[in-house]
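Trainee: Please take me closely through the surroundings of the ligand in this model. I should like to understand the contacts first and then the wider setting.

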Amino acid sequence: MDKIVIHGGKRLKGEVRISGAKNSALPLLFATLLAAGEHHLENVPALRDIATAEKLLTILGADVDRHEATFSIDASNIRSVEAPYDLVRTMRASVLVLGPLLARLGQARVSLPGGCAIGARPINLHLKGLEAMGARIDLDHGYVEARAKRLHGANIYFDVPTVGGTENLLMAASLARGTTVLENAACEPEIVDLATALTCMGARIEGAGTDRIVIEGVDELQPLRHTVMPDRIEAGTFMVAAAMTRGDVRLHGARHADLEALISKLQEAGVEIAEEDHALRVQGPRRIASVDIKTQPHPGFPTDMQAQFMALMSIADGTSVITESVFENRFMHVCELQRLGADISIDGKMAKVRGVKGLLGAPVMATDLRASASLVLAGLAAENTTEVARIYHLDRGYERLEEKFRTLGAHIERKKA
Ligand code: EPZ
């Protein structure tokens, strides 16, 4: 299996372009199931998860044509309504076909994803919402079977704000009869991106980006034409890399408004961040101050940046407390950071990070995407050589990661095993 080899200690300097957001592109690709005709989606990143989504759309009967970052998708002839276990197991976001298939074709059969490396991650709130909209839901051999002649509007309250749940119901409600109100909805920028695209397709949506979204269902939608928003988590990962290496980096396409919680915490740690024309300039400090963070749904500190921020705090002056409140098992990177010399102890949802003078390279591996990213960042700041194994996790969510770091002056390469 491939690995990434990093000779750390180089100051990162230069410019990098932020790719389209994985977590926006995935629901947008599945939104094409809502309407017949040819859809166009621009700025789609080249990632393993996107390839999985493409495969799923093809299995369902869509014609998918990709030219660089542009996808043309014709979803006129959907032949199947089943998302098979093999695909859902490799990518949980596959459950986002449930809402669109049910709304347009009246049925869907989607494998239950099961738990994953960061938590149990149930989809009960997706299903409860669809039931409230009139769907009949049965469980059969690990598959969710959903049926509805036509979904109807409903008032739905989410017990916890769920990104995927909000996206699934937003898509379903766009084609339902009557009005749907989503209360305690997720407010992530990716929800706004999806709502913007759906609105261009003819959907009637108000309040996306707040915790109350109102959707007036329509009978039919037009094909989608949309450009995927920049990836705020990729941008955040590069910001932390600049911070950890006393770097000076310009991130083209990164949007301040999507990253406010992270930016304010980085500034507290002493990082200088300036908004420029369609870019953010990030300058790392000589000494990093320790800062406490608690992950929360947007606009709180994103759980998808927790592992990377912990890598930063591992070389800060003093002690910081990191609380993970979104997922129950998202500290799998801690043992690996310890292998590089980090001083971290965990107590339930909290990690206490006592900053050390420096990290020392070692072989490491991780069990999920952002944990792997945190190890790459630690490797960039560490002395000597760090080898990160199981990099298929990184390929799921970061486009040309090592190439982009190399343009910033890092000594990093991918080695075939
Ligand atoms: C999305 O996952 C992202 N994935 C995740 O990105 C991200 O970590 C997460 O949102 C939180 O921001 C995509 O967008 C494809 P949730 P999602 O439903 O939608 C609980 C990455 O690294 N919950 O908002 O699956 C759940 O267990 C990843 O790119 C229920 O209890 O997350 C969790 O504790 C990984 N019942 C909380 O809600 C439900 O029915 C938030 O999960 C649904 C969720």
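Mentor: A backbone N or O atom of glycine 164 lies 2.7 Å from an oxygen atom of the ligand, a polar contact in the sense of a pair of N or O atoms within 3.5 Å (within protein, one must be able to donate a hydrogen and the other to accept it, and residues adjacent in sequence count only if both atoms are side-chain atoms). This is a predicted model, in which local features need pLDDT of at least 70 and side-chain atom pairs count only at pLDDT 80 or more, while totals for chains, interfaces and linings use all residues. Residues are numbered from 1 along each chain as its sequence is written, and side-chain values use heavy atoms, with hydrogens and water left out.

Two further backbone contacts of this kind can be described. For valine 326, a backbone N or O atom is 2.6 Å from a ligand oxygen atom; for proline 122, the corresponding separation is 3.3 Å. Taken alone, the ligand exposes 830 Å², of which the protein buries 84%; accessible areas come from the Shrake-Rupley method with a 1.4 Å probe, and for residues only the protein chains shown count as cover.

The shell around the ligand has 21 residues, of which Asn124, Thr162, Asp304, Val326 and Arg370 come nearest; a residue is near a molecule if one of its heavy atoms lies within 4 Å of it. By class, the shell has 10 nonpolar, 6 polar and 5 charged residues, where Ala, Val, Leu, Ile, Met, Phe, Trp, Tyr, Cys and Pro count as nonpolar, Asp, Glu, Lys and Arg as charged, and the others, Gly among them, as polar.

At least two shell residues come from each of α1 (22-31), α5 (124-132), α6 (163-174) and α12 (369-381), helices being DSSP runs (H or I, at least four residues) numbered from the N terminus. The most is given by α5, with 3 residues.

As to the wider setting, the chain is divided into domain 1 (2-19 + 230-416) and domain 2 (22-227), with bounds from an automatic or database domain assignment. Both domains give residues to the shell, so the ligand lies between them. The C-alpha centres of the two domains lie 30 Å apart. Their contact (heavy atoms within 4.5 Å) takes 22 residues from domain 1 and 20 residues from domain 2. Between them, the domains bury about 1800 Å², 52% of it on carbon and sulfur atoms; buried area is the accessible area (1.4 Å probe) that two parts lose on being put together, summed over both.
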